[in-house]
Amino acid sequence: MRVLLDENLPRQLKQHFSADVEALTVQDRGWSGIKNSELLRLAAGEFDVFLTMDRGVQFQQNLQSLAIGILIIRAPSNRFEDLQLLISEVHNALNTIQSGQVLRVGSR
C-alpha cells in the first residue's frame, strides 16, 4: 500500500508505518504548495491513501470519483507527540479503507 502524507503532517510520521506500507510526504514528491484538488488528482494516480489533518478536504470536491482513500486524523495538534498516539488507529483504518472512501481516526 502506498500512502501520501499531507504537508500538515510531520515528516517523521512516515517512519512509523508497517513494512507493507510505503509512506511518502507531499514534500518527498515535490508537490509542496499544490492545492488539495490538484494534489488529490495527482496522488490518485500513484497512491492508495491520502493522510491529512485537513477536515475540509472531504468537502472540496467529489472524492468518490477519485481512485484514492482519504484518511483524516483528528488530534489536538499536528505535533508528532500528539499524532504518535494514533498510529495504531491509523494502521487499523489503512486495513479497511477503500478507494473513494473518507475515514477519520482520533477524537478531535
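1. In this predicted model, the buried residues of helix 1 are covered by elements that include strand 1, strand 3 and strand 4. The residues concerned are N36, L39, L40, A43 and A44; seen down the axis of helix 1, they fall within an arc of 130°, and they therefore line one face of the helix. Helix 1 itself, made up of residues 36–44, lies across strand 1, strand 3 and strand 4 (69–74), and its direction is at about 145° to that of strand 3.

2. The sheet on which helix 1 lies deserves a description of its own. Five strands form an open sheet in the order 2-1-3-4-5, and the pairing is parallel. The edges are taken by strand 2 (22–25) and strand 5 (102–106), each of which pairs on one side only, and from one strand to the next the twist averages 25°. As general background, the strands of a sheet pair through backbone hydrogen bonds, in either a parallel or an antiparallel manner.

3. Within that sheet, strand 1 (residues 2–5) and strand 3 (residues 49–52) run parallel and are joined by three bridges. One residue pair to look at here is L4 and F50, since F50 in strand 3 is the bridge partner of L4.

4. F50, which sits in strand 3, merits a closer look, and one may ask whether F50 is buried or exposed. With a relative accessible area of 0%, F50 falls under the 20% cut-off and therefore counts as buried. Leaving aside neighbours within four places in sequence, F50 is in contact with L4, D6, V26, N36, L39, L40, I68, G69, I70 and L71; among these contacts, N36, L39 and L40 belong to the buried residues of helix 1. The C-alpha atoms of F50 and I72 are separated by 8.4 Å, although these two residues are 22 residues apart along the chain.

5. A further helix to consider alongside the sheet is helix 3 (residues 87–96), which lies across strand 1, strand 3, strand 4 and strand 5 and runs at about 160° to strand 5.

6. The last point concerns D82, a residue placed in helix 2 (residues 80–84). Why does D82 count as buried? Its relative accessibility is 16%, which is under the 20% cut-off, and D82 is therefore classed as buried. When residues up to four places away in sequence are not counted, D82 touches P76 and S77.

How values were computed: Residues are numbered from 1 along each chain as its sequence is written. This is a predicted model: local features need pLDDT of at least 70, side-chain atom pairs count only at pLDDT 80 or more; totals for chains, interfaces and linings use all residues. Side-chain values use heavy atoms; hydrogens and water are left out. Helices (H or I, at least four residues) and strands (E, at least two) are DSSP runs, numbered from the N terminus. Buried means under 20% relative accessible area, exposed over 50%, partly exposed in between (1.4 Å probe, protein chains only). Contact means heavy atoms within 4.5 Å. Two strands pair if DSSP finds at least two bridges between them. Axes are lines fitted to C-alpha atoms, for helices over the stretch in contact, and angles run from 0 to 180 degrees between N-to-C directions. The arc is that of the directions from the helix axis to the C-beta atoms.
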